[in-house]
Amino acid sequence: MEKITLTVQGMSCGHCVSAIEGNVGKQNGVENVKVHLSEGKVDIDFNPAVVSLDKIKEIIDEQGYDVV
């Protein structure tokens with residue numbers, strides 16, 4: 001299991017939290033997703049053998065947010 005904290009721009013409300021936590025969290029290999037809205041950070045625990053970091057970033061990007 002790998003833990004990473006991503007900086008994500010464009011998150012501003014509860015819908016943003018739900019969109020990211022819901023869409024990333026439902027991926028196979030993702031154990032935990034926690035959005036810290038005020039900090040612009042997303043903590044993710046995932047199995048890199050099942051889902052790649054690039055795939056996770058792509059999912060966040062598809063929701064309309066920028067991973068920096």
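This passage walks through the fold of a small set of helices and strands in a predicted model, from the overall form down to single residues.

The predicted protein holds two helices and four strands. Following the chain from its start, a reader meets these elements in the pattern β-α-β-β-α-β. The radius of gyration is 11 Å, close to the 11 Å that the globule rule gives for 68 residues, so the protein is as compact as a globular protein of that length. Taken along the principal axes, the box filled by the C-alpha atoms has sides of roughly 30 × 20 × 20 Å.

Contacts, burial and surface come next. Among contacts with a separation of 6 or more, 58% are made by residues 24 or more positions apart. Burial was computed for the 68 residues of the protein, and 31% of them count as buried. The accessible surface comes to about 3,900 Å², and carbon and sulfur atoms contribute 42% of that area. As for charge, the protein carries 6 positive and 11 negative charges. The mean position of the positive charges and that of the negative charges lie 2 Å apart.

The strand pairing can be followed from strand β3, which spans residues 41–46. Strand β1, residues 2–9, pairs with β3 in the antiparallel sense, and six bridges link the two. Within this pairing, T5 has D43 of β3 as its bridge partner. Strand β2, covering residues 30–36, also runs antiparallel to β3 and is joined to it by six bridges. Here V35 finds its bridge partner in V42 of β3. Strand β3 therefore pairs with β1 and with β2.

The connection from β2 to β3 deserves a closer look. These two strands form a hairpin, with four residues between them. One of the residues in the turn is G40, whose phi is positive, at about 70 degrees.

Attention can finally turn to helix α2, which runs over residues 53–62 and includes D61. Is D61 buried, exposed or partly exposed? The relative accessibility of D61 is 47%, which places it between the 20% limit for buried residues and the 50% limit for exposed ones, so D61 counts as partly exposed. D61 also offers a view of how separate parts of the chain are placed in space: I20 is 41 residues away along the chain, and the C-alpha atoms of D61 and I20 are separated by 9.6 Å.

Technical notes. Residues are numbered from 1 along each chain as its sequence is written. This is a predicted model: local features need pLDDT of at least 70, side-chain atom pairs count only at pLDDT 80 or more; totals for chains, interfaces and linings use all residues. Side-chain values use heavy atoms; hydrogens and water are left out. The radius of gyration is taken over C-alpha atoms; the globule rule is 2.2 Å times the number of residues to the power 0.38. Buried means under 20% relative accessible area, exposed over 50%, partly exposed in between (1.4 Å probe, protein chains only). Contact means heavy atoms within 4.5 Å. Accessible areas come from the Shrake-Rupley method with a 1.4 Å probe; for residues, only the protein chains shown count as cover. Lys and Arg count as positive and Asp and Glu as negative; His and the chain ends are not counted. The place of a charge is taken as NZ of Lys, CZ of Arg, CG of Asp or CD of Glu. Two strands pair if DSSP finds at least two bridges between them.
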